[in-house]
Structures are given as structure tokens and as C-alpha cells.
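Trainee: I want to test the labels on this model. Can we go through them, with the reasoning behind each?

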Amino acid sequence: MTMQTRSLGTTGPQVSALGLGCMGMSALYGDADRTESIATVHAALEAGVTLLDTGDFYAMGHNEMLVGEALRTAPAARREQALVSVKFGALRSPDGGWAGYDGRPAAVKNFAAYSLQRLGVDHIDVYRIARLDPDVPIEETVGAISELIEKGYVRHVGLSEVGADTIRRAAATAPIADLQIEYSLISRGIEESVLPTTRELGIAITAYGVLSRGLISGHFARDRQLAANDFRAYSPRFQGENLQHNLDLVEALRKIAEQKGVSVAQIAIAWVLSRGDDIVPLVGARTRERLSESLGALDVTLDDADLAAIERAVPADAAAGDRYPAPQMAHLGSK
């Protein structure tokens, strides 16, 4: 495996072709092993992964502290290569509930102060509000991040889950390095207007959910029982007939993967990698085993015949069910 690099847009840094999304090490996918999580971050850095993604609201700060510990205990050379991307703005309650988003400039700076402390770093490489605050113009939120850049606390402005109009408004306010948004074989909504807009403006895509939360990893069993603290227990794509339909798509993809001698996860990640050098997939591996499998996607080459076969097996809009339950879908930026 040779770690390639890609640029986070025309204004952002060079990063590894795959990034590591750390959310699942703390929240939303059932219990995780802290020791194995930190070992997985270390293994990713050792393999040449530079981009680590977290959020200040993942288990109410737990994930930032975990990433901070992993960085603190990594060899100095590996620690120095790490670029940390942080999402902020989601409001939580003590019982784990969600209470909207806060993009006010004062809140942006407050969130950043706590993130810097939990991570144990003197700056955040890419900083972004997790979802658009409907009560605060994106220009104000981005402007506050720009002020943090001027003071050295942040390096680059990012965006998350917003539509083409918001992207343009944000880019008119400050240089935008990347947009983080879900993109996979079965989540291709960005292709209509978002991806053309980011390409026009020189903004990269950091794609999360490239394995659709494990749904198209090739490892999700039809009869798997999910814990109550697992987001997927409530996700429409993992329910009843939707799940069975979606796993049928995985089996069609498995046939193509087997013909190439690779895993389903590897061909799904390789497909995202094939969509352009301006796209950096974030893999959500929680163990070294899953990380190793994901990194193997870098050695998978998909030719035109492969891509056509994948398209036939898993056409755009083939998935059954929305990406999120209805209340969360309402918070996704569409403009």
C-alpha cells in the first residue's frame, strides 16, 4: 500500500488520500474499546494517514479527548504529520439528546476554546459548523472562523452538509478548503448541484459515510441485532424491508469485488476514490483490522468496465430509505 496525497481544495493543505473519521470510537455505533481506538489512530498515522476528523459534540467531548490522547501518545514525527478537522455547533443535553445548532460568532469562539483544550493542540487545522444554523447567516459563522484564523487558532475554514447556495455565500466571505458531506455508492445526492459547485470554486470534498455506516461494508449481517445506543437501530436504511433491499445491493456488489479479488468495503471505497482527486474519503474504522482493510482500497484500480459493472449493480438512487431519521433530515442544508 502506497499512501497517496490529495489537496483540500485550492486553499487547503495536502492530506492523505484517505482520512480517518473518529466519531465511531466514541458515539452512535454502540460501545467501542478505547485502547483499540487509540491503537487504530496510531496505526493510521503509521500508515501515512494525516487527516483525522472529529467533532466537539461526539459523546460530549469524549471523542476530542480520545483523539487528543492518541496524538499525545503517538511518536513525535507521526503527531506532527496529523491534521485535525473539527466540527462544532451541535447542542446536546445531559441525556444525550440533540437541541439544534449554534453558529453565532461568540459561540464559535467558545466552542473552539474548549476544543483546543480537549485536543491538547495550539491550533485546529480545519474548523467547520456541523450543520447550518438556520438563525445565523453563514457569513457570520464563517467570519468568526476567519477571525480565529487571524489569531492563529485555526488554519482553514471548512463546511459541512450544506447546499450549493450556502457554499457560494460562504466562499464569498472567506476561502473554503473543503465541504464535508456524505457520499457513497448509495448516497449520491451531491452529484446534482453540490459537486459541480465545489469544483467550480476549487473546494474539496471530504466524504464521510463511504461505507454507509457499515451497510455496504460487506460485513453487516441480515439478522444483526443493534444495541439501543447504536444510531443504526433507528436509521431508515437499516429497518425491515429497506435493510433487506439494501443488502441485496451489497450482494450484487460482492460479486464484482470477488471477481477482482478484493473485499466489498475496498471496492466501495475505491469507487469513491475514483470520483475525482478533489474527493478525500473518510473511513470510520474503529479497529486496526478494519483500518487495514480500508487502506487496501488504495491498491484497487477500477477501469471503465469495472465502473460500468458497479453502476449496473448499484445504480444511483438504488438505496431504500433516507440517510437519517426524519427529524435529522430536516437539519440538512439544502440551499
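Mentor: What follows is a set of labels, each set against its cut-off. Keep in mind that this is a predicted model.

Trainee: Start with Leu20. Why is Leu20 called buried?

Mentor: Leu20 has a relative accessible area of 1%. Buried means under 20%. So Leu20 is buried.

Trainee: Where is Leu20 found, and what is Leu20 in contact with?

Mentor: Leu20 is found in strand E3, residues 19-21. Leaving aside neighbours within four places in sequence, its contacts include Met25, Val41, Leu52, Leu282 and Leu291. Contact here means heavy atoms within 4.5 Å.

Trainee: What makes E3 and E4 a pair?

Mentor: Pairing needs at least two bridges. Two bridges join E3 to E4, and the strands run parallel. So the cut-off is met. Leu20 stands opposite Leu52 in E4.

Trainee: How many bridges join E4 to E5?

Mentor: Five, and again the strands run parallel. E5 covers residues 83-88. Gly55 stands opposite Lys87 in E5.

Trainee: How do you know that E4 is largely enclosed by the rest of the structure?

Mentor: Count its buried residues. Five of the five are buried, so E4 is largely enclosed.

Trainee: Which residues of E4 lie on each side?

Mentor: Leu51, Asp53 and Gly55 are on one side. Leu52 and Thr54 are on the other. Both faces are covered. In a regular strand the side chains alternate between the two faces of the sheet.

Trainee: Now helix H7. Which of its residues are buried?

Mentor: H7 spans residues 194-201, and its buried residues are Val194, Leu195, Thr197 and Thr198.

Trainee: Why do we say that the buried residues of H7 line one face?

Mentor: Look down the axis of H7. The buried residues fall within an arc of 160°, so they line one face of the helix.

Trainee: What covers the buried residues of H7?

Mentor: The cover includes helix H6 (164-173) and strands E10 (176-182), E11 (204-208) and E12 (279-283). H7 is followed by Gly202, whose phi is positive, near 75°.

Trainee: Which residue other than glycine has a positive phi near 50°?

Mentor: Ser212. Ser212 is found in the loop between E11 and helix H8 (240-260). Met60 is not a glycine either, and Met60 has a positive phi of about 55°. Met60 is found in the loop between E4 and helix H2 (62-72).

Trainee: Is Ser212 buried or exposed?

Mentor: Buried. Its relative accessible area is 3%, and the cut-off is under 20%.

Trainee: Why is Met60 called partly exposed?

Mentor: Met60 has 43% relative accessibility. Exposed needs over 50%, and buried needs under 20%. Met60 meets neither cut-off, so it counts as partly exposed.

Trainee: On to charges. What makes Arg118 and Glu64 a salt bridge?

Mentor: Side chains of opposite charge can pair when their charged atoms come close. The closest N and O atoms of Arg118 and Glu64 are 2.6 Å apart. The cut-off is within 4 Å, so the pair qualifies. The pair links distant parts of the chain: Arg118 in helix H4 and Glu64 in helix H2, 54 residues apart.

Trainee: Is Glu64 buried or exposed?

Mentor: Glu64 is buried, with a relative accessible area of 0%. Its partner Arg118 counts as partly exposed, at 24%.

Trainee: How do you know that Glu147 forms a salt bridge with Lys109?

Mentor: Their closest N and O atoms are 2.5 Å apart. The cut-off is within 4 Å, so this is a salt bridge. Glu147 is in helix H5 and Lys109 in helix H4, 38 residues apart. Glu147 counts as partly exposed at 36%, and Lys109 is partly exposed at 33%.

Trainee: Why do we say that Glu139 and Arg169 tie parts together?

Mentor: Their side chains meet in a salt bridge, 2.9 Å from N to O. Glu139 lies in H5 and Arg169 in H6, so the pair ties together parts that are 30 residues apart in sequence.

Trainee: How many salt bridges does the structure hold, and which residues are linked in a network?

Mentor: The structure holds 20 salt bridges. Arg188, Glu191, Arg275 and Glu311 are linked in a network of them.

Key
Residues are numbered from 1 along each chain as its sequence is written. This is a predicted model: local features need pLDDT of at least 70, side-chain atom pairs count only at pLDDT 80 or more; totals for chains, interfaces and linings use all residues. Side-chain values use heavy atoms; hydrogens and water are left out. Buried means under 20% relative accessible area, exposed over 50%, partly exposed in between (1.4 Å probe, protein chains only). Helices (H or I, at least four residues) and strands (E, at least two) are DSSP runs, numbered from the N terminus. The arc is that of the directions from the helix axis to the C-beta atoms.
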